[in-house]
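Q: Could you take a close look at one part of this model for me? I would like to see how the charged side chains pair up, and what sits around them.

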Amino acid sequence: MQETPFSLTYGAEAMLPAELMIGTLRTSHTDEEANSRDLRLCLDILEEKKEKASIRQAAYKRTTERYYNQRVKEKAFKIGEYVLRNNEASRSQPQGKLGPVWEGPYKVIEEN
């Protein structure tokens, strides 16, 4: 998303406590009045940052979904065929390392 969770929440980048104690260039040349003005400005554009991050996230999800869906092979079942169902999906039987992976067989009685 190209933004840190802290900056999306508070509108500014986080500063480490050690950075405050040691006194870096970033902390030594600060103007309190300008800093508070800049923080208010950052809070004003915070909604825009959040919106851009959500747009990037939606685009990433679409790309991932498209990548996944290209590799899925659709399988149509005919009436009367026997099928197995993944136990992880239904959790009808106890799971675990040695638990069954598939359950069934089930007979297909109608088409969707």
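**Arg85 and its partner**

A: Happy to. Arg85 is partly exposed, with a relative accessible area of 40%. Please keep in mind that this is a predicted model.

The side chain of Arg85 meets that of Glu103 in a salt bridge, with 2.9 Å from N to O. Arg85 belongs to strand E1 (residues 82-86) and Glu103 to strand E2, so this pair ties together parts that are 18 residues apart in sequence. Strand E2 itself covers residues 102-107.

How buried or exposed is Glu103? With a relative accessible area of 4%, Glu103 is buried, because buried here means under 20%. Its partner Arg85, at 40%, is partly exposed. Glu103 has another contact too: its side chain makes a polar contact with the side chain of Tyr106, at 2.6 Å. In other words, the side chain of Glu103 meets Arg85 in a salt bridge and Tyr106 in a polar contact.

Now for the surroundings in sequence. Val101 lies in the loop between helix H6 (87-90) and E2. Val101 is exposed, with a relative accessible area of 52%, and the cut-off for exposed is over 50%. Together with Leu84 and Trp102, Val101 makes a nonpolar surface patch of about 340 Å².

For context, the structure holds two salt bridges. Besides the pair of Arg85 and Glu103, there is one between the side chains of Lys52 and Glu48, at 3.7 Å from N to O. These residues are four apart in helix H5 (residues 46-71), which means that about one helical turn separates Lys52 from Glu48. Lys52 is partly exposed at 46% relative accessible area, and Glu48 is likewise partly exposed, with a value of 46%. So the pair in helix H5 sits about one helical turn apart, whereas the pair of Glu103 and Arg85 links strand E2 with strand E1.

As general background, side chains of opposite charge can pair when their charged atoms come close.

A charge can also be placed over a ring, and Arg71 offers a case: its charged end sits over the ring of Tyr67, 3.8 Å from the ring centre. As for pairs of aromatic rings, the count comes to zero.

To return to your request, the picture centres on Glu103, buried at 4% relative accessibility and joined by a salt bridge to the partly exposed Arg85.

Note on methods
Residues are numbered from 1 along each chain as its sequence is written. This is a predicted model: local features need pLDDT of at least 70, side-chain atom pairs count only at pLDDT 80 or more; totals for chains, interfaces and linings use all residues. Side-chain values use heavy atoms; hydrogens and water are left out. Helices (H or I, at least four residues) and strands (E, at least two) are DSSP runs, numbered from the N terminus. Buried means under 20% relative accessible area, exposed over 50%, partly exposed in between (1.4 Å probe, protein chains only). A polar contact is a pair of N or O atoms within 3.5 Å; within protein, one must be able to donate a hydrogen and the other to accept it, and residues adjacent in sequence count only if both atoms are side-chain atoms. Rings of Phe, Tyr and Trp (its six-membered ring) pair if their centres lie within 6.5 Å; planes under 30 degrees apart count as stacked, over 60 as edge-to-face and the rest as tilted. A charge sits over a ring if NZ of Lys or CZ of Arg is within 6 Å of the ring centre and within 35 degrees of the ring normal. Patches are made of residues with over 30% relative accessible area and no salt bridge: like charges are joined within 9 Å, nonpolar side chains (Val, Leu, Ile, Met, Phe, Trp, Tyr) within 5 Å. Accessible areas come from the Shrake-Rupley method with a 1.4 Å probe; for residues, only the protein chains shown count as cover. A salt bridge is a side-chain nitrogen of Lys or Arg within 4 Å of a carboxyl oxygen of Asp or Glu.
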